[in-house]
Amino acid sequence: MRFCARPHQFPPRLAAAAVILNSGLSKVHADEQTAAGLHGMAANTYPFLRDMDPVTFTKLLSRSEIALGTALLVPVVPSLLAGAALTGFAAGLVGLYLRTPGMRQEGSLRPSEQGIGLVKDIWLLGIGVGLVMEELQSAD
């Protein structure tokens with residue numbers, strides 16, 4: 001496993017990091033109403049989150065996004081590791097899109113007006129999978 005990102009990996013890592021860091025930083029001082037909304041949407045899609053306190057959930061989400069964004073920014077974090085973390089995070093977002101009622105047009109994968117904000121996160125999944133695949137291929 002390489003311990004430094006390759007130069008051509010910087011643009012997608014930087015793009016993903018900017019979006020994820022912004023999201024995490026915007027949740028740092030979330031009020032209880034915002035926390036309840038974030039938690040409610042996540043808990044409806046992922047029932048194992050229902051018992052978690054909304055404020056605690058939001059703090060953990062914020063910290064996770066900040067950690068992931070930072071890992072993507074720091075070139076000495078291996079792309080395999082950063083890509084795997086990004087893939088897991090993005091898979092959760094895509095799952096939220098696929099499993100939340102009203103996000104898609106009836107009988108279709110196409111987004112509804114409400115789903116556009118989530119479906120766009122598929123590019124994060126593509127970046128994560130691309131980083132992982134490149135690193136696994138180069139290990140051969």
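## Figure legends: an all-round tour and some close-ups

**Figure 1. The whole chain, read from end to end, follows the pattern α-α-α-α-α-α.** This is a predicted model, and the protein has six helices and zero strands. Its radius of gyration is 16 Å, close to the 14 Å that the globule rule gives for 140 residues, so the protein is as compact as a globular protein of that length. If you like to think in boxes, the C-alpha trace spans about 45 × 35 × 25 Å along its principal axes.

**Figure 2. Inside and outside: buried residues make up 35% of the 140 residues.** Turning to the surface, the protein exposes about 8,200 Å², and carbon and sulfur atoms supply 65% of that area. Among contacts with a sequence separation of 6 or more, 66% come from residues 24 or more positions apart. For those with electrostatics in mind, there are 11 positive and 11 negative charges, and their mean positions are 3 Å apart.

**Figure 3. A close-up of residues 66-98, where an unreviewed UniProt entry places the feature "transmembrane region".** In the model, this stretch is 85% helix and 0% strand. The C-alpha atoms at its two ends are 25 Å apart. What lies between helix H3 (54-73) and helix H4 (79-99)? A loop that holds valine 76, which is the subject of the next view.

**Figure 4. Valine 76 in the loop between helices H3 and H4.** Is valine 76 buried or exposed? Its relative accessible area is 55%, over the 50% cut-off, so valine 76 counts as exposed. Leaving aside neighbours within four places in sequence, valine 76 is in contact with Phe3 and Cys4. As a yardstick for this view, the C-alpha atoms of valine 76 and leucine 124 are separated by 20 Å, with their positions 48 residues apart along the chain.

**Figure 5. Arginine 99, a residue of helix H4.** Arginine 99 has a relative accessibility of 49%, which is not over 50%, so this residue counts as partly exposed. Which residues does arginine 99 touch, not counting those up to four places away in sequence? They are Thr45 and Tyr46. For a wider view, glutamine 137 is 38 residues away from arginine 99 in sequence and 32 Å away in space, C-alpha to C-alpha.

**Figure 6. Threonine 100, in the loop between H4 and helix H5 (116-119).** Why does threonine 100 count as buried? Because its relative accessibility is 14%, under the 20% cut-off. Setting aside neighbours within four places in sequence, threonine 100 is in contact with Met41 and Thr45; Thr45 is also touched by arginine 99. The C-alpha atoms of threonine 100 and glutamate 134 are separated by 32 Å, and the two residues are 34 residues apart along the chain.

**Figure 7. Serine 138 in helix H6 (residues 122-138).** With 39% relative accessibility, a value between the 20% and 50% cut-offs, serine 138 counts as partly exposed. To link this view with an earlier part of the sequence, pick out proline 11, which is 127 residues from serine 138 along the chain. The C-alpha atoms of serine 138 and proline 11 are separated by 19 Å.

Notes. Residues are numbered from 1 along each chain as its sequence is written. This is a predicted model: local features need pLDDT of at least 70, side-chain atom pairs count only at pLDDT 80 or more; totals for chains, interfaces and linings use all residues. Side-chain values use heavy atoms; hydrogens and water are left out. Helices (H or I, at least four residues) and strands (E, at least two) are DSSP runs, numbered from the N terminus. The radius of gyration is taken over C-alpha atoms; the globule rule is 2.2 Å times the number of residues to the power 0.38. Buried means under 20% relative accessible area, exposed over 50%, partly exposed in between (1.4 Å probe, protein chains only). Contact means heavy atoms within 4.5 Å. Accessible areas come from the Shrake-Rupley method with a 1.4 Å probe; for residues, only the protein chains shown count as cover. Lys and Arg count as positive and Asp and Glu as negative; His and the chain ends are not counted. The place of a charge is taken as NZ of Lys, CZ of Arg, CG of Asp or CD of Glu. UniProt positions are given in the numbering used here, feature names are shortened, and annotations may be inferred rather than shown by experiment.
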